[in-house]
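Visitor: I'm new here and would like a walk through this one. Can we take it a piece at a time?

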Amino acid sequence: MQDQQRHLVVVGNGMVGQRLVEAVRDRDARRTWQVTVLSEEPRRAYDRVALSSYFDGVAAADLDVVAEGCYDTAGYTLRLDEAVTAIDRAARTVTTSRGAILGYEALVLATGSYPFVPPVPGRDLPGCFVYRTLDDLDAIRAAAQRAAVSTRGRRAGLVVGGGLLGLEAARALRLLGMSPHVVELAPRLMPLQVDEGGGALLREMIENLNVTLHLGTSVASIRRDAGRLLAILANGTELDVDVVVFSAGVRPRDRLARDAGLAVGGRGGVVADDGCRTSDPDIYAIGECASVGGRVYGLVAPGYAMAEVLADRLTGGTASITAADTSTKLKLMGVDVASFGDALAASDGALEVTLSNPVSRSYAKLVVSDDAKTLLGGILVGDASKYTMLRPLVGRPLPGDPVTMIAPAGGGTAVGAGALPGDAQVCSCHAVTKDAICAAITGRGLTGVGGVKAATKAGTGCGSCVPLLKTLLADSGVAVNPALCEHFDVTRAQLFEIVRVSGITTFTELIERHGRGRGCDICKPAVASILASLERGHILDGEQAALQDTNDHFLANIQRNGSYSVVPRIPGGEVTPEKLIVLGEVARDFGLYTKITGGQRIDLLGARVEQLPAIWRRLVDAGFESGHAYGKAVRTVKSCVGSTWCRYGVQDSVALAIELELRYRGIRSPHKIKAGVSGCARECAEARSKDIGVIAADDGWNLYVCGNGGFRPRHADLLLASTDRATLIRTIDRFIMFYIRTADRLQRTASWLQSLDGGLDYLRSVIVDDSLGISGELDAAVARHVERYDDEWAAVLADPERLRRFVSFVNAPGTPDPSIAFVSERGQPRPATLPVPVRALSAEAGGPTLEVV
Amino acid sequence: MTSAAAEPAAVWTVVCRYHDLQPERGVAALIGRVQVALFRTFDGTVYAIGNQDPFTGAYVLSRGIVGSCGEIPTVASPLHKQVFDLRTGTCLDDGTTAAGVYDVRIRDGLVEVMAG
Ligand code: SRM
Ligand SMILES: Cc1cc2nc3c(=O)[nH]c(=O)nc-3n(C[C@H](O)[C@H](O)[C@H](O)COP(=O)(O)OP(=O)(O)OC[C@H]3O[C@@H](n4cnc5c(N)ncnc54)[C@H](O)[C@@H]3O)c2cc1C
Ligand code: SF4
Ligand code: FES
């Protein structure tokens, strides 16, 4: 019961408007304000900064930024799909698009910006879009899908504007299967953030991503042409495209304020003072629609600062806006670009220190004061890893010589987190300082990035400060908790040693003696893998069965609809016609989708659990065995045809690949292990992108290790040159076993090598020179594996007890799962789209209607 | 089995023998058109939650890894590893999402579920 509750009306539920509501809710403990928020969009506030991740498969629901329970608070109301259409300042009311009239004591404009669309003839044609809201993205996606059906050949899209957002949009078009074109009026990309030198490198890198650039020109007109759009550029170029996305800058949405007679800035934006108050004392403006100190900010961080200041003012405080930090920009489009502070050296007497490295394809520039002592800003292209360290130093004394600070790793002064002053802002999205983060780390005994995020909000915006958070955690003196999970306080490597030395064979014994609780999806598969590596029984026997991920449990890979895939081993990629025919027949008889994998074998997808044994019966009878595609295990040893056929080949790469694959098949490891063997230096087997790569030389084999495709590609390093077959295999044996013993869970060999103190030299000393004296043990472990290897699928088929679990339903063993359904595409089955249930609080409660996105 | 239609009050349905349940592993049961995931935890307790993973729509929760989070008995979805409280079906990573929960009991060595 609040006798004197006042009414706060917030126009717009964007990132900043929502931040204000939460800040008021936090501060206004006595609930002196009743809060009503009006949102023109049909969904509540979401992370616009991360908008593009929607095209990477992030669900709309995951972009939601509204704090839990925010609008369950008494007096807090969010009205979606209802815009404010007019303000009556005299009456202190607003009118909404649904005809409602609401009175206010305080009114906040948080209406954001709208995309500027240049007056190009044809800009309103179907197929022309802007890039601002989730609805925009849905519309672009729908148009791309329509084009996929209607346009023959390559589909294309044009982005108007080569700034940060334009490049994001171009990337989005590519993800949607279109060839992107970008037209930019300025002679370089990102003209606002990047200088000429950086722009030239950026251009090269973006063009390498198959984005066609049209710089220094503009779109003259857009026409409809043969079911597509024809865009004509000012330089005469004509482009056939399916969509056009305008991304030529934003303008503050100040229409409401103008109509109500509030002061607006020369370049638009509702004029507000350092307390966010407009020319009407009862009306405030925050975020992108506000013009504070004569400036409109197109970034979220200054908007958040305004929201905090205003919340303080509304609850009796006197906070005011200080110079906003606009020095943040970092975007990853596969190309790192960072620009911060006075990047274009506009300050008086500013000096530039530039380092351009065409080989490593990086460009770095620091802008410093005339005495070269203070950092003013900078630009990094190609390698922006120093960004998180440099940005907080803007406006502060440089800790070292500017040249060495941007020199590539290895040379020069490393800029450590220690060099940062305590009040330096580490997370600029949420204005969190180094001191605040360190205090949270020590005060609350935080041990991981997750904890820091929860305690300080740092790292939850654009995410660019996360690497620095990790450094601060590591530097904080508090040992970063290396624990596997809440159940074990040790690392995987330590656990491996415990199991190896103690001879423990069950999870229960291990967790009772060395852990707590009953485990989870992190430690159980890790322990399962350790037990398997140490040859402690079939992975589906006894208690071990309960430790396995569903993939290992059913010896098949789970797919998105709950069906499984079948990948028989085809060592070295060599297969007889008879076996190929069997695969074809099995796929046909069981209605499986068939695809050649990237690992030179054949994947049969869409099997239900109860079909797996029958499928494998046929395959095993035909001489196939498990391919371990489901396990953290040795996958494939890829080969090229080699000297037997190829006119260049100098060694028999196929024979060696098959030998290696059969030697290591089934071995369980911290992550998957891939290998490749090429018959000559032309490297057709791509061996250097594998954990283990062997390349034939005239006088033997070259062994490369620790390569990786995947998330972070890395070329393998040469460990042995021109070696004989026996030494080669012995070294690989030791390499694999040493990795299995010492790596972290889910750590591929590439990142394992990076974390090994001493790197490649150390590795070589252990497995080639036997500096630790463990080679004998490693050799014996592999020998044991080779001797005991047994096909997992054959073993399952021979055992009625293990076969019993291959049913969809315990009470109806013969019944197939009715939820698994297929539709036909290109003559093969594919999963029908699954209806995802409404994500409500509780199935039986049924009552509370949540905002569902 | 029960008839899926027109059964206003839910009834107890026998789904399997208690001994069919492996410790710390789940099974799915089909009751009418409802899919229930049953789990036997280490201490022998049996839990029943919905088999559908609310994040993806796939009917797979019975195939997740069973474990504990503090004192809470849990299962992790085999698809994207969100963790669910076996007692309530609520998702521990996202309190607004739940898989649903069913009453379950053991009589004469048989596992019975209230659903339908
Ligand atoms: C089937 C296949 C794609 C295809 O149709 O070609 C595939 C499919 C999957 N890959 Fe892959 N990868 C396949 C070749 C590759 C390759 C190419 C290669 O092996 O030459 C790579 C890059 C090379 C590398 O690993 O370094 C590759 C890099 C990944 C990664 C990223 C790994 C990394 O280190 O960053 C993952 C994710 C992971 O393992 O954490 C992944 C994960 C997966 C998973 C297991 C995802 C999952 O958990 O469901 C997919 C399931 C397979 C299934 O259900 O059968 N897949 N995957 C290929 C199977 C090869 C085989 O015969 O076994
Ligand atoms: C693709 C993309 C990438 C971006 N990347 C970054 C980045 O990396 N870093 C960064 O700092 N910033 C980035 N931004 C900018 C950032 O998203 C904005 O600065 C931020 O969203 C501004 O918040 P806001 O609340 O002021 O405005 P908005 O988020 O635009 O919210 C305003 C809301 O008000 C609604 N509204 C408008 N008028 C009315 C009315 N009359 N009645 C009711 N509702 C109304 C609008 O529909 C909208 O929902 C990016 C923006 C986009 C589009
Ligand atoms: S790697 Fe060499 S041997 Fe192998 S296919 Fe290529 S050219 Fe021929
Ligand atoms: S700087 Fe964006 S999340 Fe920290």
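Visitor: How many of the 15 residues of α7(A) are buried?
Guide: Keep in mind that this is a predicted model. Helix α7 of chain A runs over residues 300-314, and α7(A) is mostly covered. The buried set includes A:Tyr304, A:Met306 and A:Leu310. The full count of buried residues in α7(A) is 12.

Visitor: And what covers the buried residues of α7(A)?
Guide: Several parts of chain A share that job, among them a helix, α1 (15-27). The strands that help include β1 (6-11), β2 (33-38), β7 (106-109), β19 (283-285) and β20 (290-292).

Visitor: How far does α7(A) reach from its first C-alpha to its last?
Guide: With 15 residues at 1.5 Å a residue, a span of 21 Å is expected. The helix in the model comes close to that, and after it sits A:Gly316, with a positive phi near 95°. End to end, α7(A) reaches 21 Å.

Visitor: Now the two chains. How much area do chain A and chain B bury between them?
Guide: The contact takes 48 residues from chain A and 43 residues from chain B. Carbon and sulfur atoms account for 53% of the buried area. The total comes to about 3,400 Å².

Visitor: Which residue of chain A meets B:Lys81 in a salt bridge?
Guide: There are 3 salt bridges between chain A and chain B. In one of them, N and O are 2.8 Å apart. The partner of B:Lys81 there is A:Asp549.

Visitor: Which element gives the most to the side of chain A that touches chain B?
Guide: Across this interface, 15 residue pairs are in polar contact. The elements giving two or more residues to chain A's side are α14 (507-514), α15 (523-533) and α16 (550-554). With 3 residues, the one that gives the most is α16(A).

Visitor: Is A:Thr508 buried or exposed?
Guide: A:Thr508 is in helix α14 of chain A. Leaving out residues up to four places away in sequence, A:Thr508 touches A:Arg518, A:Glu543 and B:Phe42. Its relative accessibility is 11%, and the cut-off for buried is under 20%, so A:Thr508 counts as buried.

Visitor: What about salt bridges in general: how many does a search of the whole structure find?
Guide: That search runs over all chains. One of the pairs is A:Asp135 with A:Arg43, with the closest N and O atoms 3.0 Å apart. A:Asp135 lies in helix α3 and A:Arg43 in the loop between β2 and α2, so the pair ties together parts 92 residues apart in sequence. The whole search gives 47 salt bridges.

Visitor: Which residue does A:Asp552 meet in a salt bridge?
Guide: A:Asp552 sits in helix α16 of chain A, and its partner is 116 residues away, in the loop between α19 (653-664) and β34 (673-678). Both residues of the pair are buried. With N to O at 2.9 Å, the partner is A:Arg668.

Visitor: One last pair: what is the relative accessible area of A:Glu661?
Guide: The side chain of A:Glu661 forms a salt bridge with A:Arg569 (2.7 Å, N to O). The two are 92 residues apart, with A:Glu661 in helix α19 and A:Arg569 in the loop between β30 and α17. A:Arg569 counts as buried at 2% relative accessibility. A:Glu661 is buried too, and its relative accessible area is 0%.

Technical notes
Residues numbered from 1 in each chain as written. Chains lettered and ligands numbered in written order. Predicted model: local features only at pLDDT ≥ 70, side-chain atom pairs only at ≥ 80, totals over all residues. Heavy atoms only, no water. Helix = DSSP H or I, 4+ residues; strand = E, 2+ residues; numbered from the N terminus. Expected span 1.5 Å × (residues − 1). Buried < 20%, exposed > 50% of the residue type's maximum accessible area, 1.4 Å probe, protein only. Contact = heavy atoms within 4.5 Å. Buried area = accessible area lost by both parts, 1.4 Å probe. Salt bridge = Lys/Arg side-chain N within 4 Å of Asp/Glu carboxyl O. Polar contact = N/O pair within 3.5 Å; in protein donor to acceptor, adjacent residues only side chain to side chain.
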